[in-house]
Amino acid sequence: MQLRLLVPAVKPGGRPAKHTRREIINALAYWLRAGCAWRLLPHDLPPWQTVYHYWRQWPRDAVWEQVLTALRERERVRLGREPTPSAGVVDSQSVRATERGGLHGYDGAKKVNGIKHHLLVDTLDTVLLACASPASVGDRDGAVVLFSRAADTFPRLGHVWADQGYRGADFHTWIRETTGITVEIVQRRDGGFRSTWARVGEPSPSVPRFAVVPGIGWWSGLLPGWDGAAACRRTTSTYASALKTPSTSPWPCSWYGAS
């Protein structure tokens, strides 16, 4: 599938387009990776005013979500899966943000002052939904936003694996009754213990072995290259700290996942 088929074509009528869609995409990719000011875009790219216009317009038209959906469904069908998933994995990541206003908070567990990314992926590690919040927001609060949207967007989604940050009987009950999604907490095979102790001369006690999701690593395995997304300044700090309200599926996250 070619990307040009998913990017909106030039509207008929009016002045002919001076810059191709490929040039616009290249400029957005540069800006996303560099995290520079609009006026600092290289001169061999389209004017920053033009690039900024499409940066504002395409998210309003849900272009990046449509691109990500088309690529995800194509990959699932290619692997012999249904276009929409029935199971997924949820996790979050706190990253340091800039000092400007907007979304901002302190994650006491991770000792990070910034924002938090909440991510829902399928068992093939492809992005389903993403949202950004202050780092002080709990994992379960972010999951409520993801699951609420997932119930309407992915009707087949019925089971989600999560780590210890998503424990809570009341939380699981609310999610199951509201969205029909069951949440399973994944624990380490050794039950979370790195070692066991025993009295001198006695054998070590047996350690219970908990089931894990085969083939699924945790945060770094949720989305291949997500650590690379954290290196892109626009996917970590600047764009999110400029927002005034929590955002569901912010376009830089969706754009990076699609790319």
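**Exercise 1. Which residues have the most contacts inside the largest nonpolar core, and how many residues does this core have?**

Before you start, keep in mind that this is a predicted model.

Solution.
- Step 1: The largest nonpolar core comprises 19 residues.
- Step 2: Val-90, Leu-120 and Phe-147 have the most contacts inside it.
- Step 3: Next, look at where the residues come from. At least two are supplied by each of β4 (127-134), α4 (139-153), β5, α5 and β6. Helix α4 gives the most, namely four residues.
- Step 4: Now zoom in on Leu-120. Leaving aside residues up to four places away in sequence, Leu-120 touches, among others, Val-89, Val-90, Leu-146, Phe-147 and Val-160.
- Step 5: A separate second core has 17 residues, including Ala-27, Val-51, Tyr-54 and Val-67.

**Exercise 2. Work out how β5, α5 and β6 are arranged, and find the covered face of β6.**

Solution.
- Step 1: Strand β5 (residues 159-162) pairs with β6 in the parallel sense, over four bridges. Within β6, Glu-184 is the bridge partner of Trp-161.
- Step 2: Add helix α5 (residues 169-179), and β5, α5 and β6 make a right-handed β-α-β unit.
- Step 3: In a regular strand, side chains alternate between the two faces of the sheet. Strand β6 (residues 182-185) has Val-183 and Ile-185 on its covered face, with Thr-182 and Glu-184 on the uncovered one.

**Exercise 3. Classify the ring pair Trp-31 and Trp-55, then the pair Tyr-54 and Trp-58.**

Solution.
- Step 1: Two values describe a pair of aromatic rings: the distance of the centres and the angle of the planes. The whole structure yields seven aromatic pairs.
- Step 2: For Trp-31 and Trp-55 the centres are 5.6 Å apart and the planes stand at 65°; because angles over 60 count as edge-to-face, so does this pair.
- Step 3: This pair links distant parts of the chain, with Trp-31 in helix α1 (residues 21-34) and Trp-55 in helix α2 (residues 48-60), 24 residues apart.
- Step 4: Trp-31 has 1% relative accessibility, so it counts as buried.
- Step 5: Tyr-54 and Trp-58 are 5.0 Å apart centre to centre with 50° between the planes, a tilted pair. Both lie in helix α2, four residues apart, about one turn of the helix. Tyr-54 and Trp-58 are buried.

**Exercise 4. Check the length of helix α3 against its expected span.**

Solution.
- Step 1: Helix α3 (residues 63-78) has 16 residues, so at 1.5 Å a residue it should span 22 Å.
- Step 2: The C-alpha atoms at its ends are 23 Å apart, which agrees.
- Step 3: Just past the helix, Gly-80 follows with a positive phi, near 80°.

Notes: Residues are numbered from 1 along each chain as its sequence is written. This is a predicted model: local features need pLDDT of at least 70, side-chain atom pairs count only at pLDDT 80 or more; totals for chains, interfaces and linings use all residues. Side-chain values use heavy atoms; hydrogens and water are left out. Buried means under 20% relative accessible area, exposed over 50%, partly exposed in between (1.4 Å probe, protein chains only). Two strands pair if DSSP finds at least two bridges between them. A crossover is right-handed if, with the strands pointing away from the viewer, the path from the first strand over the helix to the second runs clockwise. A nonpolar core is a set of buried Ala, Val, Leu, Ile, Met, Phe, Trp, Tyr and Cys residues joined through side-chain atoms within 4.5 Å. Contact means heavy atoms within 4.5 Å. The expected span of a helix is 1.5 Å times one less than its number of residues. Rings of Phe, Tyr and Trp (its six-membered ring) pair if their centres lie within 6.5 Å; planes under 30 degrees apart count as stacked, over 60 as edge-to-face and the rest as tilted.
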